[in-house]
Protein chains: 2
Amino acid sequence: MASSQKPSTRERILDIALELFSEQGYDKTSLRDIAERLGTTKAALYYHFERKEDILLALHLRLHEIGRDVLVRLDELESAQAYVEAWPQLMDELIDRVAQNRELVLLHLRNARALESIGADERHQAENQDMLERFGRLFANPEIPLADRVRMTCSIGAALAGLIDTEDRFGDVDGAVLVELVRGSVRDMLTPLGAPSEPIPSG
Amino acid sequence: MASSQKPSTRERILDIALELFSEQGYDKTSLRDIAERLGTTKAALYYHFERKEDILLALHLRLHEIGRDVLVRLDELESAQAYVEAWPQLMDELIDRVAQNRELVLLHLRNARALESIGADERHQAENQDMLERFGRLFANPEIPLADRVRMTCSIGAALAGLIDTEDRFGDVDGAVLVELVRGSVRDMLTPLGAPSEPIPSG
DNA sequence: GTCTATATTTCGATAGAC
DNA sequence: GTCTATCGAAATATAGAC
């Protein structure tokens, strides 16, 4: 009920900003760039967003929305072992979402520093139980075997590398095919999850 | 013969810039920031570097130097099959070098856009048969099976994710141990390399 | 909601003394 | 090699008319 039909000016600004921020970077994109592409002026943007930062933040919330229920599912797990067991399926889901929102993910990868700066900002502490911070805490959990935590960390990097900013390499490859290949690669890295890496003291 | 002993002002500038650029980003780091940390003034920097860009470029050349012989070895390979067969060992080597130059690699990941901009610059076309561009061409090579190219791409992302910007997660883990765990994860993703993914027309 | 100004700040870069 | 002083350009943000 809260979507579709008219692309409000606000949404149009966000779409343009998404494109420019991920293309040229947040810092190198001026409000003038955005206004020009939108066919209006700098000052007009200030009617919709108080600060430039707020545009970036709104885009961050878009990604947050996309990954929200994945995070919820992550929070429902209660033991270290549960995390490890759930991880491969969670990555399957994550790979899909990343593939469906490449530009938005690229924006976050290419502007990680800028996003950190505004993350420390006043008015978003509630929203900003951030995804990366959340994954970070998970990977720092000493109850999970180190070898597994490293594998989990690497699996995210593998998925991103296989899907993001790959137009020049895999641009002519069908999207679904690429997703399956990435999924397969990640799975192979994750199958040893939970295997005892240090000899277990028996009996 | 061309190293050790006195850290020239030039090198000190580069060390400080490396730290600040990878920490705050190239764009958000002003020459004033660098000068202050060095205990001098903005203008003094211009004696050592003509432009701000040249500082970033010098750091890029540091990384280039580190990866140079890996690229040479890559160039010596002549068949698509040779690439695939050489890849796992090449990744072993790459993982070591990344681990030994984390900050420098982080700088490149976090400032990819800024580096692109100056890469298109006049006076570096020779040096700038760039690493990423080179890997990119390799991964775009249609003679190599797509499944393998995707695996190779993912393996780089996995290595980087496991080694870079991981102080908060794996900060207290011994460096050599982390390297071995990442190496193991990457190997598991690469062992299926060269396996026929599409049924081969027999006979 | 969008416009034309303009205020304000910051930064890269230069000039010239020491 | 480093300094002070300053230029000029660009960017964010604001004021106020329409």
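**Salt bridges, DNA and a shared interface**

Trainee: Which residue forms a salt bridge with Glu93(B)?

Mentor: Arg97(B) does, with the closest N and O atoms 2.8 Å apart. A salt bridge here is a side-chain nitrogen of Lys or Arg within 4 Å of a carboxyl oxygen of Asp or Glu. Before we go on, this is a predicted model: local features need pLDDT of at least 70, side-chain atom pairs count only at pLDDT 80 or more, and totals for chains, interfaces and linings use all residues. Residues are numbered from 1 along each chain as its sequence is written, chains are lettered from A and ligands numbered from 1 in the order written, and side-chain values use heavy atoms, leaving out hydrogens and water.

Trainee: OK. Where do Glu93(B) and Arg97(B) lie?

Mentor: Both are in helix 5 (residues 80-100) of chain B, four residues apart, about one turn of the helix. Helices are DSSP runs (H or I, at least four residues), numbered from the N terminus.

Trainee: And why does Arg97(B) count as buried?

Mentor: Because its relative accessibility is 18%, and buried means under 20%, exposed over 50%, partly exposed in between (1.4 Å probe, protein chains only). Glu93(B), at 27%, counts as partly exposed.

Trainee: Which residues are joined into one network by salt bridges that share partners?

Mentor: Look in chain A for Asp92(A), Asp96(A), Glu180(A), Arg183(A) and Arg187(A).

Trainee: How many salt bridges does the structure hold over all chains?

Mentor: The total is 38. One of them pairs Asp75(A) with Arg134(A), whose closest N and O atoms are 2.5 Å apart. That pair links distant parts of the chain, with Asp75(A) in helix 4 (residues 52-76) and Arg134(A) in helix 8 (residues 131-140) of chain A, 59 residues apart. Asp75(A) is partly exposed at 46% relative accessibility, whereas Arg134(A) is buried at 17%.

Trainee: What about Arg51(A), which residue does it form a salt bridge with?

Mentor: With Asp54(A), the closest N and O atoms being 3.4 Å apart. Arg51(A) counts as partly exposed, because its relative accessibility is 34%. Asp54(A) comes out at 13%, so it counts as buried.

Trainee: Switching topic: how many helices and strands are in chain A?

Mentor: Chain A has 11 helices and zero strands. Of its 203 residues, 49% count as buried.

Trainee: Now the DNA. Which residues come nearest to strand D?

Mentor: There are 15 residues around DNA strand D, and Lys42(A), Thr40(B), Thr41(B), Tyr47(B) and His48(B) come nearest. A residue is near a strand if one of its heavy atoms lies within 4 Å of it. Of the strand D atoms that come within 4 Å of the protein, 59% belong to sugar and phosphate.

Trainee: How far is Tyr47(B) from a phosphate oxygen there?

Mentor: A polar side-chain atom of Tyr47(B) lies 2.6 Å from one. For Tyr46(A), a polar side-chain atom is 3.2 Å from a phosphate oxygen of DNA strand D. Leu31(A) uses its backbone instead, with an N or O atom 3.1 Å from a phosphate oxygen of that strand.

Trainee: Which helix gives the largest share of the surface near strand D?

Mentor: Helix 3 of chain B, with four residues.

Trainee: And for strand C, which helix gives the largest share?

Mentor: There it's helix 3 of chain A, also with four residues. The residues that come nearest to DNA strand C are Thr40(A), Tyr47(A), His48(A), Tyr46(B) and Lys52(B), out of 15 around it. In the side chain of Lys52(B), an N or O atom is 2.7 Å from a phosphate oxygen of strand C. A polar side-chain atom of His48(A) lies 2.8 Å from a phosphate oxygen of the strand, and a backbone N or O atom of Leu31(B) lies 2.9 Å from one.

Trainee: Last thing: how much area do chains A and B bury between them?

Mentor: About 3100 Å², with 64% of it on carbon and sulfur atoms. Arg110(B), Arg113(B) and Arg169(B) supply 20% of the area that chain B buries against chain A, more than any other three residues. Buried area is the accessible area (1.4 Å probe) that two parts lose on being put together, summed over both.

Trainee: How many salt bridges are there between chain B and chain A?

Mentor: Four. Lys28(A) forms a salt bridge with Asp27(B), the closest N and O atoms being 2.9 Å apart. On the side of chain B that touches chain A, helix 9 of chain B gives the most, with 11 residues.

Methods:
Polar contact = N/O pair within 3.5 Å; in protein donor to acceptor, adjacent residues only side chain to side chain. Helix = DSSP H or I, 4+ residues; strand = E, 2+ residues; numbered from the N terminus.
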